[in-house]
Each structure stands twice: as structure tokens, then as C-alpha cells.
Amino acid sequence: MKRILTGSIAGATGIALLLGGAGTFALWNSSAAIAGAPITAGTLTVETEDVVFWTDQYGTEINMQSYKIVPGDVLTYTSFLDVTVRGDNLHARIAVDHGSISSANSDASRALKILLDKSTSVSVDTDDLIGVPHDFSDDQTRFDLSEGDHMLHVTVTIEFLESFEDVDDDDAKNASALLSNLGVTLTQTP
């Protein structure tokens, strides 16, 4: 009985070893270098000019420190951006950075911020960009950029709406919003 048990164990071990190797075989492979070339990443940089103008809907230059906005007012911010483009097939979108409009911590100031956020848009006059800028959405403009240096004449328009959804201009009486950090973003798009 002991011999049969020992023989069975030895036989099972041999079969397991044979089956374990049955699933392996060698495939031939080889490799060769293909003709390539170095690749360099481009860049998109933006710097602001110091020239900034704020005007009201009548074209009158205003001092934002003392100006008191009322419903129906349209304020216009004008400045210049120096844009450097290095790269092929570069497209970009410019948009108002709504996070740069801030308000004091009161219900009235939050209401004013909502009204200003919903009515703030950006437009751009270009120097030598390829293609004509077109509206991408309510507050964004998309461009096809040629390689080189460009100057963008940026205009941000802020309209004090009488109402928006459930926010009324009466909700924003005596409120304050901070536009001192007002910004636009230029973002590469596919």
C-alpha cells in the first residue's frame, strides 16, 4: 500500500511538471531604430501693460475709487496685453476671470457680485493674429495665434443689470464689489 501511495505521489508530481511547461513557447522578436527628430515644446505667455482706462456708458473716463454704479450703468475697462506665442497650430481663448471680482461679506455685496458676474464680458482687438476672433461664448473669445509677439487691445464690459434670475438690483443697494484684481485669462485650446 505504501508503494502504491508513493508511486501515485511521484506520478502526480511528474504530470504537474509536464503540464506546467506545456503552456510556454518562444516567440521571435527583433527591433530597429526609425528615423526621428528632436521635438521642442512651445509657449504662450501674457504680460499686462500699465495703461488702463475705465469709462462709463457715455465714454467719460471715471475714477473707480469714487464711482457709484447704478442699475443700467455700463463700465468699460480697457488695457493692453503683450502676448508671446512660440509654437505651431496654437489656439487660445480669452475670458474674464470671474473669480477676480470679489465682494464684501454681506448679502447686498454678494447680490452685486452676482449681478456683475453675469454681465461681464471681454472683447479683443488684435494686431496681426491669424484669423478673425469670434465669440466662443458669452464671455470668451477664441483666436488662432500665429507664432510671434502680439499686442491685444482688451476691453472688459461690465453692465449693472436690473435683475438676474432671483437677484434684483434692490438687493444690491449700498453694496460694494472689488474690481481692483479684475483679470482675464488666456488659455490654450485644442
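**Exercise 1.** In this predicted model, decide whether Glu-162 is buried or exposed.

*Solution.* Start with the relative accessible area of Glu-162, which is 54%. The cut-off for exposed is over 50%, so Glu-162 counts as exposed. Next, place it in the chain: Glu-162 sits in the loop between strand E9 (148-159) and strand E10 (163-164). Finally, look at its company. Glu-162 helps form a negative surface patch, together with Glu-159, Glu-165, Asp-166, Asp-168 and Asp-171.

**Exercise 2.** Work out what span helix H2 (residues 107-118) should have, and check it against its end C-alpha atoms.

*Solution.* H2 has 12 residues, and we allow 1.5 Å a residue. The span is taken over one less than the number of residues, so H2 should cover 16 Å. Now check the model: the end C-alpha atoms of H2 are 17 Å apart, which agrees.

**Exercise 3.** Name the residues of H2 that are buried.

*Solution.* Go along the helix and pick out whatever falls under 20% relative accessible area. That gives you Ala-108, Ser-109, Ala-111, Leu-112, Lys-113, Leu-115, Leu-116 and Asp-117. Note that Lys-113 and Asp-117 are on that buried list.

**Exercise 4.** Asn-89 is not a glycine; find the sign of its phi, then do likewise for Asn-174.

*Solution.* Take Asn-89 to begin with: its phi is positive, about 55°. Asn-89 belongs to the loop between strand E3 (74-86) and strand E4 (90-97), and its relative accessibility is 70%, so it's exposed. On to Asn-174, where phi is also positive, at about 60°. Asn-174 lies in the loop between strand E11 (167-168) and strand E12 (177-178). With 84% relative accessibility, Asn-174 is exposed.

How values were computed: Residues numbered from 1 in each chain as written. Predicted model: local features only at pLDDT ≥ 70, side-chain atom pairs only at ≥ 80, totals over all residues. Heavy atoms only, no water. Patch = residues over 30% accessible without salt bridge, like charges linked within 9 Å, V, L, I, M, F, W, Y side chains within 5 Å. Areas by Shrake-Rupley, 256 points an atom, 1.4 Å probe, with all protein chains shown as cover. Salt bridge = Lys/Arg side-chain N within 4 Å of Asp/Glu carboxyl O. Lys, Arg positive; Asp, Glu negative; His and termini not counted. Charge placed at Lys NZ, Arg CZ, Asp CG, Glu CD. Helix = DSSP H or I, 4+ residues; strand = E, 2+ residues; numbered from the N terminus. Buried < 20%, exposed > 50% of the residue type's maximum accessible area, 1.4 Å probe, protein only.
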